[in-house]
Amino acid sequence: MSFMAGQILVLIMSSFEDADTEEMVTCLQMTLYHPGHERSGIFRSIKFFNREKLPTSEVVKFGRNSHTCNYIFQDKQVSRVQFSLQVFKKFNSSVVSFEIKNMSKKTSLLVDNKELGYLNKMDLPDKCMIRFGDYQFLVEKEDGESLEFFEIQFSLSKKPLLQENNWLSQEPIPECGSYSSCLTQNNSPMEVGENEW
């Protein structure tokens, strides 16, 4: 091997070793539904099917105010800031998680079947349904390694997500009236007659 070829090989090897490896980025897949989206253009400012990369330090806001929200809904029924998502890392975890906060004074936010009032927040489950008014969002998190960035990708559903995904719109209420009182009752098996169903 000639001296020149040896130098080129060394340059190629060192640039390969110095190159940053591409980290996998956590992605929130958000499928949106609203019954009037086709005629009113509620989602016209949202870029569907594109992955948008955001820094993990950013609080992501959804609402109708184009000056403060990252994602705008063209609907006067929506609050200026309806809700926000913020990234955090749980103790002893190598991946990022999200918390959701209701920013609307006039509308409750349902995450699965947990109701969030104004300024209430909770950890966002890895797969969940977010609802307010006629809006339905199916959110699914794909984990990545990056602690610096995450991505959001939107898709649009023409059908209600509650029915399409067999999501229960209401949790069944136990016979005893509340979940906490059922937990304190005797849970041992009991015999039931034929006509007592």
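# Exercises on a predicted chain

Residues 24 or more positions apart make up 56% of the contacts in the chain that have a separation of 6 or more. The structure is a predicted model, and the exercises below are to be solved on it.

## Exercise 1: The chain as a whole

Determine how many helices and strands the chain has, and what share of its residues counts as buried.

**Solution.** Begin with the secondary structure: there are four helices and 12 strands in the chain. Next, consider burial: 37% of the 197 residues count as buried. Finally, turn to the surface: the accessible area of the chain is about 13,300 Å², and carbon and sulfur atoms contribute 51% of it.

## Exercise 2: The open sheet

Establish the strand order of the open sheet of seven strands, and identify the strands at its edges.

**Solution.** Step one is the order, which reads S2-S12-S1-S11-S10-S7-S8, with mixed pairing. Step two concerns the edges: strands S2 (51-55) and S8 (114-116) each have a single partner strand, so one side of each lacks a neighbour in the sheet. Step three is the twist, which averages 25° from one strand to the next. Step four examines one pairing: strand S1 (residues 26-33) runs parallel to S12, and the two are joined by seven bridges. One partnership can be named, as Cys 27 has Glu 151 in S12 as its bridge partner.

## Exercise 3: Classifying two ring pairs

Classify the ring pair Tyr 71 and Phe 154, then the ring pair Phe 73 and Phe 132.

**Solution.** A pair of aromatic rings is described by the distance of the centres and the angle of the planes. The count of aromatic pairs is 18. For Tyr 71 and Phe 154, the centres are 4.8 Å apart and the planes stand at 65°; an angle over 60 degrees counts as edge-to-face, so this pair is edge-to-face. Tyr 71 belongs to strand S4 (residues 71-72) and Phe 154 to strand S12 (residues 149-156), 83 residues apart. Both Tyr 71 and Phe 154 are buried.

For Phe 73 and Phe 132, the centres are 6.4 Å apart and the planes are at 45°, so the pair is tilted. Phe 73 is in the loop between S4 and strand S5 (83-89), while Phe 132 is in strand S10 (residues 127-132), so the pair ties together parts 59 residues apart in sequence. Phe 73 and Phe 132 are both buried.

## Exercise 4: A cluster and a charge

Which residue lies over the face of Phe 149? State also which residues ring pairs link into a cluster.

**Solution.** Lys 53 lies over that face, at 5.0 Å from the ring centre. The cluster linked by ring pairs includes Phe 43, Phe 48, Tyr 71, Phe 73, Phe 132 and Phe 154.

Technical notes
Residues numbered from 1 in each chain as written. Predicted model: local features only at pLDDT ≥ 70, side-chain atom pairs only at ≥ 80, totals over all residues. Heavy atoms only, no water. Phe/Tyr/Trp six-rings, centres within 6.5 Å; stacked < 30°, edge-to-face > 60°. Buried < 20%, exposed > 50% of the residue type's maximum accessible area, 1.4 Å probe, protein only. Lys NZ or Arg CZ within 6 Å of the ring centre and 35° of its normal. Contact = heavy atoms within 4.5 Å. Areas by Shrake-Rupley, 256 points an atom, 1.4 Å probe, with all protein chains shown as cover. Pairing = 2+ DSSP bridges. Axes fitted to C-alpha atoms, helices over the stretch in contact; angles between N-to-C directions.
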